[in-house]
Structure formats: structure tokens, C-alpha cells
Amino acid sequence: MATNNPYQNYQTNAVQTASPGELTLMLYNGCLKFIKLARKAIEENNVPARNENLIKAQNIIQELMVTLNMEYDVAKSMMLMYDYIYRRLVEANVKNDATILDEVEGYVTEFRDTWKQVIQINRQRQYAQGGQA
């Protein structure tokens with residue numbers, strides 16, 4: 001199905017041309033978006049929207065889990081945190097509990113902010129190395 005929506009075209013192009021680091025950042029941002037939408041749905045007592053958005057957030061966490069390189073100790077620690085976040089998202093959905101989402105949103109925000117810093121540091125290093133050549 002072709003689309004002439006300029007915004008959709010932009011999004012598709014952004015994903016297709018993103019580096020692996022940028023794609024991970026997009027996943028974190030998407031997860032946060034779905035957590036916020038789920039919180040809004042809880043406040044509005046909209047069960048279908050809550051369920052849909054929490055499942056989307058869970059799917060993103062699962063994607064982050066399968067992309068970890070388990071050869072590194074930090075990946076093992078991240079796997080434990082991702083597993084915890086995933087279980088809490090399921091619990092928030094079952095219990096219709098926005099306070100759980102507050103906790104999970106904090107963890108995902110920390111991961112996202114740290115990842116953003118890593119991308120910036122790598123860009124600065126690449127720029128510095130390019131400038132020396």
C-alpha cells in the first residue's frame with residue numbers, strides 16, 4: 001500500500017537511514033510514547049487503548065532484549081532490567097495501575113538518556129578523529 005503522506009514518508013526514510021544506535025534511541029522513545037499513551041488510557045478508563053499501548057511497549061522491550069550482545073557483562077545487567085521492565089508493564093496492564101508506569105517510565109527514560117549520551121560521545125570522537133586526518 002503506497003502512501004503519499006509526507007510525514008509517513010519522512011518517518012520511513014528516518015528509520016531506513018538510521019544507524020543502529022539511532023534505531024535503539026527510536027525504540028526507547030517509542031516505548032516512552034506508548035507508556036504515556038497507556039497512562040492516559042488508564043486515566044480515561046479506556047481498557048482497549050491501555051492494553052494496546054502496553055503491548056506495544058512490551059514488544060519494544062522484547063526487541064531491545066533480543067538485540068543485546070550477551071558477550072558483555074553490561075548486556076547481562078541490561079537483560080535483567082529489561083526483563084523487570086517487561087514484567088512490570090504486564091503487571092501494570094493486568095492491575096490497571098498507573099503508578100507502575102511511573103516507575104517503568106523512569107527506568108526507560110534513564111536508559112534513553114544514557115543511550116543519547118553514548119551516541120553524542122561517539123559522534124564527538126568520530127568528528128575528532130576525522131579532524132585529525
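Start by selecting Tyr28, Tyr82 and Phe111: in this predicted model, these three form one aromatic cluster. The structure holds three aromatic pairs, and here is one to zoom in on. The ring centres of Tyr28 and Phe111 sit 6.0 Å apart with their planes at 0°, so this pair is stacked. Now colour by helix: Tyr28 belongs to helix α2 (residues 20–43) and Phe111 to helix α5 (residues 98–132), so you're looking at a link between distant parts of the chain, 83 residues apart.

Buried or exposed, what is Tyr28? Tyr28 counts as buried, at 2% relative accessibility. Phe111 is buried too, at 17%, since the cut-off for buried is under 20%.

Next, pick Tyr84 and Tyr107. Their ring centres are 6.1 Å apart and the planes make an angle of 75°, so call this pair edge-to-face. Tyr84 is in helix α4 and Tyr107 in helix α5, so the pair ties together parts 23 residues apart in sequence. Both rings' residues count as partly exposed: Tyr84 at 27% relative accessibility, and Tyr107 at 28%.

Last stop: show helix α3 (residues 47–66) alongside helix α4 (residues 73–95). Their axes come within 10 Å and cross at roughly 170°, which makes α3 roughly antiparallel to α4. To see the contact, turn on side chains. From α3, choose residues including Arg50, Leu54, Ile61 and Met65; across from them in α4, the contact residues include Met79, Tyr82, Tyr86 and Leu89. By class, the contact brings together twelve nonpolar, four polar and two charged residues. Tyr82 may look familiar: you've already selected this residue as part of the aromatic cluster with Tyr28 and Phe111.

Note on methods
Residues are numbered from 1 along each chain as its sequence is written. This is a predicted model: local features need pLDDT of at least 70, side-chain atom pairs count only at pLDDT 80 or more; totals for chains, interfaces and linings use all residues. Side-chain values use heavy atoms; hydrogens and water are left out. Axes are lines fitted to C-alpha atoms, for helices over the stretch in contact, and angles run from 0 to 180 degrees between N-to-C directions. Helices (H or I, at least four residues) and strands (E, at least two) are DSSP runs, numbered from the N terminus. Angles under 35 degrees count as roughly parallel, over 145 as roughly antiparallel, 65 to 115 as roughly perpendicular and the rest as oblique. Contact means heavy atoms within 4.5 Å. Ala, Val, Leu, Ile, Met, Phe, Trp, Tyr, Cys and Pro count as nonpolar, Asp, Glu, Lys and Arg as charged, and the others, Gly among them, as polar. Rings of Phe, Tyr and Trp (its six-membered ring) pair if their centres lie within 6.5 Å; planes under 30 degrees apart count as stacked, over 60 as edge-to-face and the rest as tilted. Buried means under 20% relative accessible area, exposed over 50%, partly exposed in between (1.4 Å probe, protein chains only).
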